[in-house]
Amino acid sequence: MSAGHRAKRSLLRSLVIGAVALAVVAPASVAKADPTAAEIQAQLEKAGDELEVTVEAYNKINETLAATQAEAATIQAKIQPLVDSMTAANSDVDVIAIAAFKGSGNMVSLNVMLNAQSSDTLIDQLTTLQQISKHQQHAIAEYSAAKSKLDDEKKKIDDTLAAENAQKAELETKKKKIEGDVKKLDALKRRATAAGSTGSTGVKVSLGAECTSPANSAVAFACAQLGEPYKWGAAGPGSWDCSGLTMGAWKAAGITLPHNANDQWRSGRVTHVSRSALSPGDLAFFGGSSPSHVGIYIGNGKMIHAPTTGRNVEVASVDRSNTTGYGRPH
């Protein structure tokens, strides 16, 4: 083998060894860096927004389920009187049927004619027979009507219960999803904390005199809940989600609102107002055309809201990038 050939083979061997060494070292040197605190915080906020949409859907189903159960109870209350009517009608039919059987139908009329002592007696007895016949027909008609009505009401309650069971199944599915989302969110929060993030969003807003002399009972109620934990689906006491807090605040002021941000926004009990017209107690909605978050305005550009899992009821700026609008309960 010539010296030149040996030199080429030696060079090739060196290149192969160098490539292998690079392949071994490269992954460690180019491995993706851990996300920064700011990146984790952004993930946390995004997950919180997505979770809030699910939570409000959960609240909506809960409202619907409560209405369905109330309707089922109403229908059930109507069933017993129908059963009583049917039993009474059935009893009348049994009595008349026995009397007719004993009298053998047309034989009763013949017997009346043979035993009548006068024409007046005959007319009276035949009239009585006709009345009995009408009564038979009426009793049977009552029985049929009561039975038909009972069947209709029974079908309604069966349909209602079927819908209720379907809603319960949907509720359980959403509940599991929410619990899974909460676990993911908690994991993100732990990562954010380990990376140096505080877990808060936006600029910290300090509380001034807004809760020292609250403008109305709704604001006073919201102020009293500051520091209490967020909990999905909760409407107090002791823990809240966003729409549960605003519902509770306005309940204290004598106004009933649904436990759902979107439903509050679309409620006939809430009049939409402009940002410039905001007054303490008004509601601020966020999340686009179908809001999934709501807070209660307390004045000076501030609101009180239940933010998201892992955090407490707090004071925040009412001005956010995803504002839907503002509303005044009445």
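In this predicted model, Cys211 and Cys223 are joined by a disulfide with an S to S distance of 1.8 Å. The count for the structure comes to one disulfide. The torsion about the S-S bond of Cys211 and Cys223 is about -75°, so the disulfide is left-handed. Cys211 belongs to the loop between α4 (119-194) and α5 (217-224), while Cys223 belongs to helix α5, so the bond ties together parts that are twelve residues apart in sequence. Cys223 is buried, its relative accessible area being 13%. Another cysteine, Cys242, is also buried, with a relative accessible area of 1%.

**Aromatic pairs**

Helix α5 also takes part in an aromatic pair. The structure holds three aromatic pairs, two of which are described here. A pair of aromatic rings is described by the distance of the centres and the angle of the planes.

Tyr58 and Trp232 pair edge-to-face, at 4.9 Å centre to centre and with 90° between the planes. Tyr58 is part of helix α2 (residues 37-103) and Trp232 is part of the loop between α5 and α6 (242-252), so this pair ties together parts that are 174 residues apart in sequence. Tyr58 and Trp232 are both buried.

Phe221 and Trp240 form an edge-to-face pair as well, with 5.6 Å centre to centre and 85° between the planes. Phe221 lies in helix α5 and Trp240 in the loop between α5 and α6, 19 residues apart, and the pair links distant parts of the chain. Phe221 counts as partly exposed at 22% relative accessibility; this value is not under 20%, so the residue does not count as buried. Trp240, in contrast, is buried, with a relative accessible area of 3%.

**Salt bridges**

Side chains of opposite charge can pair when their charged atoms come close. Across the whole structure, nine salt bridges are found. The table lists some of them, with the distance between the closest N and O atoms and the relative accessible area of each partner.

| Salt bridge | Closest N and O atoms | Accessibility of Lys | Accessibility of Asp |
|---|---|---|---|
| Lys60 and Asp263 | 2.9 Å | Lys60, 36% | Asp263, 19% |
| Lys155 and Asp159 | 2.9 Å | Lys155, 52% | Asp159, 42% |
| Lys177 and Asp181 | 2.9 Å | Lys177, 46% | Asp181, 17% |

In the salt bridge between Lys60 and Asp263, Lys60 comes from helix α2 and Asp263 from helix α7 (residues 261-266), so the pair ties together parts that are 203 residues apart in sequence. Lys60 counts as partly exposed at 36% relative accessibility, and Asp263 counts as buried at 19%. The assignment of Asp263 follows because buried means under 20% relative accessible area.

The other two tabulated salt bridges lie within helix α4. Lys155 and Asp159 are four residues apart in this helix and are thus separated by about one helical turn. Lys155 is exposed, with a relative accessible area of 52%, whereas Asp159 is partly exposed at 42%. Lys177 and Asp181 are likewise four residues apart in helix α4, separated by about one helical turn. Asp181 is buried, with a relative accessible area of 17%, and Lys177 counts as partly exposed at 46%.

**Strands and the loop at Thr309**

Strand β6 (residues 323-329) pairs with strand β1 (residues 270-273) in the antiparallel sense over four bridges. Within this pairing, Gly327 of β6 is the bridge partner of His272. Strand β2 (residues 283-286) also runs antiparallel to β6, and four bridges join the two strands. Here Tyr326 of β6 is the bridge partner of Ala284. In a regular strand the side chains alternate between the two faces of the sheet.

A charge over a ring is found as well: the charged end of Arg320 sits over the ring of Phe286, at 4.7 Å from the ring centre.

Thr309 is placed in the loop between β4 (302-305) and β5 (314-317). This residue counts as buried, at 14% relative accessibility. Apart from neighbours within four places in sequence, Thr309 is in contact with Leu51, Val182, Leu185, Asp186 and Tyr230.

Definitions and conventions. Residues are numbered from 1 along each chain as its sequence is written. This is a predicted model: local features need pLDDT of at least 70, side-chain atom pairs count only at pLDDT 80 or more; totals for chains, interfaces and linings use all residues. Side-chain values use heavy atoms; hydrogens and water are left out. A disulfide is a pair of cysteine sulfur atoms within 2.5 Å. Buried means under 20% relative accessible area, exposed over 50%, partly exposed in between (1.4 Å probe, protein chains only). Contact means heavy atoms within 4.5 Å. Two strands pair if DSSP finds at least two bridges between them. Rings of Phe, Tyr and Trp (its six-membered ring) pair if their centres lie within 6.5 Å; planes under 30 degrees apart count as stacked, over 60 as edge-to-face and the rest as tilted. A charge sits over a ring if NZ of Lys or CZ of Arg is within 6 Å of the ring centre and within 35 degrees of the ring normal. A salt bridge is a side-chain nitrogen of Lys or Arg within 4 Å of a carboxyl oxygen of Asp or Glu.
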